[in-house]
Amino acid sequence: LMANGLGQTVWYNFSIYYYLHFQYNGFFLFGILGLFYQLLERKNIVFKKNTALTIGRWLAIACVPAYFLSTLFASPGWFFNVLGALAAVLQLLVLWLFGRELKQLSPALKAAFKPVTYLVLKVAFAGLILKSFLQLFSAHPETALLAYELRPVVIAYLHLVLLGVITFFLLGWYVEMRYVDESAAQRALWTLFAGFLGSEICLVIMPWWRQVVGNDFPPPAVMIFSLSLLLVLGTLLFYQSSQLKKADKNQSFP
């Protein structure tokens with residue numbers, strides 16, 4: 001295998017997916033959860049700390065076997081499909097527990113958080129739920145192989161997690177921590193959301209582009225590039241909102 005390069009290709013894919021999985025399912029996910037509970041404490045919102053610890057522990061436990069969902073493209077055997085499916089089910093159960101806790105805290109969250117922050121948090125949580133269901137579906141051997149062969153679908157999944165969940169939560173956190181001008185940040189967030197949603201749709205339907213949109217529509221690469229400009233514009237607008245906030249502080253405290 002190593003002689004004809006196939007083994008090197010498989011090992012490279014395993015290494016990349018290992019890095020990505022423990023980055024977004026581990027470091028980033030636990031990081032934003034920690035920031036979320038820190039926000040609750042800053043806002044004096046009472047939550048069940050035992051439940052929060054339970055959520056963290058079970059997500060940490062599920063994180064390790066969930067890695068095998070990223071290896072199913074190599075058809076390692078039904079045992080790994082079952083193991084990955086169980087990890088995905090466990091993550092969904094933990095999210096159900098987390099969602100039940102958020103539902104109980106919903107009145108307090110609405111009252112304490114800015115409207116734009118509350119909306120962004122809902123978007124991030126919806127993306128997290130969708131991501132967990134997609135993980136469960138990918139445990140099926142044929143689905144795992146199809147996703148591996150259709151690279152735009154894999155990119156759409158990473159796009160969902162890294163932008164739809166992690167980035168949007170962090171931007172909402174910046175707004176709530178008053179590091180940016182709220183009105184300017186709100187325009188930036190809407191621009192970013194439009195670019196994110198449009199490019200996500202394009203990535204998902206890219207393998208079937210002509211069948212879905214027809215021959216008169218621009219090619220998918222052109223559409224994704226155009227929508228990516230919205231992401232760049234939204235990023236610049238968000239940066240500008242932080243500069244406006246700094247200017248306000250400098251004027252307030254000469």
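The legends below describe an overall view and several close-ups of a predicted model.

**Figure 1. Overall view of the all-helical protein, with nine helices and zero strands.** From the N terminus on, the order of elements is α-α-α-α-α-α-α-α-α. The protein has 254 residues, of which 44% are buried. Its accessible surface is about 14400 Å², and carbon and sulfur atoms account for 69% of that area. Of the contacts between residues at least 6 apart in sequence, 79% join residues at least 24 apart.

**Figure 2. Close-up of the packing of helix α2 on helix α3.** Helix α2 covers residues 49-66 and helix α3 covers residues 78-112. Their axes lie 9 Å apart at an angle of about 160°. Angles over 145 degrees count as roughly antiparallel, and α2 and α3 are therefore roughly antiparallel to each other. The two helices make a left-handed crossing. On the α2 side the contact is made by Thr51, Thr54, Ile55, Trp58, Leu59, Ile61, Ala62, Pro65 and Ala66. The α3 side contributes Leu83, Gly84, Ala87, Leu90, Gln91, Val94, Leu97, Phe98 and Glu101. By class, the residues of this contact are 13 nonpolar, four polar and one charged.

**Figure 3. Close-up of the packing of helix α4 on helix α6.** Helix α4 spans residues 115-137 and helix α6 spans residues 151-176. The helices pack at an angle of about 155°, and their axes are 9 Å apart. At this angle α4 and α6 are roughly antiparallel to each other. The crossing of α4 with α6 is left-handed. From α4, the contact involves Val116, Thr117, Val120, Leu121, Val123, Ala124, Gly127, Leu128, Leu130, Lys131, Leu134 and Gln135. From α6, the contact involves Tyr157, Leu160, Val161, Gly164, Val165, Phe168, Phe169, Gly172, Val175 and Glu176. The residues of the contact of α4 with α6 comprise 15 nonpolar, five polar and two charged.

**Figure 4. Close-up of helix α6 against helix α7.** Helix α7 is formed by residues 182-205. The axes of α6 and α7 come within 10 Å and cross at roughly 170°, so α6 is roughly antiparallel to α7. The α6 residues in the contact are Pro152, Val153, Ile155, Ala156, His159, Leu160, Leu163, Gly164, Phe168, Leu171 and Val175. Those of α7 are Glu182, Ala185, Leu189, Leu192, Phe193, Phe196, Ser199, Glu200, Leu203 and Val204. The contact of α6 with α7 divides into 16 nonpolar, three polar and two charged residues. Leu160, Gly164, Phe168 and Val175 of α6 take part in this contact, and these residues also belong to the contact with α4.

**Figure 5. Close-up of Thr191 in helix α7.** Thr191 has a relative accessibility of 16% and counts as buried, the cut-off being under 20%. Not counting residues up to four places away in sequence, Thr191 touches Leu230, Leu233, Gly234 and Leu237.

**Figure 6. Close-up of Lys43 and Asn44 in the loop between α1 and α2.** Helix α1 comprises residues 6-42. Lys43 is partly exposed, at 27% relative accessibility. Leaving aside neighbours within four places in sequence, Lys43 is in contact with Ala112, Phe113 and Glu176. Lys43 and Phe113 are 70 residues apart in sequence, and their C-alpha atoms are 8.3 Å apart. Asn44 is exposed, with a relative accessible area of 68%. Most residues other than glycine have a negative phi. Asn44, which is not a glycine, has a positive phi of about 60°.

**Figure 7. Close-up of Arg178 in the loop between α6 and α7.** Arg178 is a residue other than glycine with a positive phi, near 65°. Its relative accessible area of 52% makes Arg178 exposed, the cut-off being over 50%.

**Figure 8. Close-up of Pro76 in the loop between α2 and α3.** With 35% relative accessibility, Pro76 is partly exposed. The C-alpha atom of Pro76 is 9.8 Å from that of Pro141, and the two residues are 65 residues apart along the chain.

Definitions and conventions: Residues numbered from 1 in each chain as written. Predicted model: local features only at pLDDT ≥ 70, side-chain atom pairs only at ≥ 80, totals over all residues. Heavy atoms only, no water. Axes fitted to C-alpha atoms, helices over the stretch in contact; angles between N-to-C directions. Helix = DSSP H or I, 4+ residues; strand = E, 2+ residues; numbered from the N terminus. Parallel < 35°, antiparallel > 145°, perpendicular 65-115°, else oblique. Left-handed = near helix turned anticlockwise from the far one by under 90°. Contact = heavy atoms within 4.5 Å. Nonpolar A, V, L, I, M, F, W, Y, C, P; charged D, E, K, R; others polar. Buried < 20%, exposed > 50% of the residue type's maximum accessible area, 1.4 Å probe, protein only. Areas by Shrake-Rupley, 256 points an atom, 1.4 Å probe, with all protein chains shown as cover.
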